[in-house]
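Let's practise reading a protein model together. Work through each exercise with the sequence and the 3D view at hand, then compare your steps with the solution.

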Amino acid sequence: MLLAHGRFIRGDFELVMGGVEDFLAMAAAHAAVVRREQMRIEAENSFAVGTAGCQRHV
């Protein structure tokens with residue numbers, strides 16, 4: 001894994017960087033899901049508020 005001088009062997013470095021890339025990809029995908037869910041909730045809330053306002057005027 002580590003050489004005597006504290007340097008990574010190329011294969012180990014590539015393995016670590018692959019793990020970092022996977023982690024960042026998962027974080028980005030999760031953030032996109034959270035944004036879509038937030039937009040859905042905001043749309044539903046807006047519809048509910050608008051519907052409640054219309055019912056008061058009836």
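**Exercise 1.** Find the partner with which Arg40 forms a salt bridge at 2.3 Å.

*Solution.* Start from Arg40: Arg40 pairs with Glu37, and their closest N and O atoms are 2.3 Å apart. That fits the definition of a salt bridge, a side-chain nitrogen of Lys or Arg within 4 Å of a carboxyl oxygen of Asp or Glu. Side chains of opposite charge can pair when their charged atoms come close. Next, look at the spacing: Arg40 and Glu37 are three residues apart in helix α1, so about one helical turn separates them. (Helices are DSSP runs of H or I with at least four residues, strands are E runs with at least two, and both are numbered from the N terminus.)

A note on the model: it is predicted, so local features need pLDDT of at least 70 and side-chain atom pairs count only at pLDDT 80 or more, while totals for chains, interfaces and linings use all residues. Residues are numbered from 1 along each chain as its sequence is written, and side-chain values use heavy atoms, leaving out hydrogens and water.

**Exercise 2.** Work out which residues the salt bridges join into one network.

*Solution.* The structure holds two salt bridges. In the second step, take Glu44, which bridges to Arg40 with the closest N and O atoms 2.5 Å apart. Salt bridges with shared partners thus link Glu37, Arg40 and Glu44 into one network.

**Exercise 3.** Decide whether Arg40 and Phe23 are buried, partly exposed or exposed.

*Solution.* Recall the cut-offs for relative accessible area: buried is under 20%, exposed is over 50%, and partly exposed is in between (1.4 Å probe, protein chains only). Arg40 has 38% relative accessibility, so Arg40 counts as partly exposed. Phe23 reaches 54%, so Phe23 counts as exposed. Phe23 lies in helix α1, residues 10-57.

**Exercise 4.** State how many helices and strands the protein has.

*Solution.* Counting gives one helix and zero strands. As for burial, 5% of the 58 residues count as buried.
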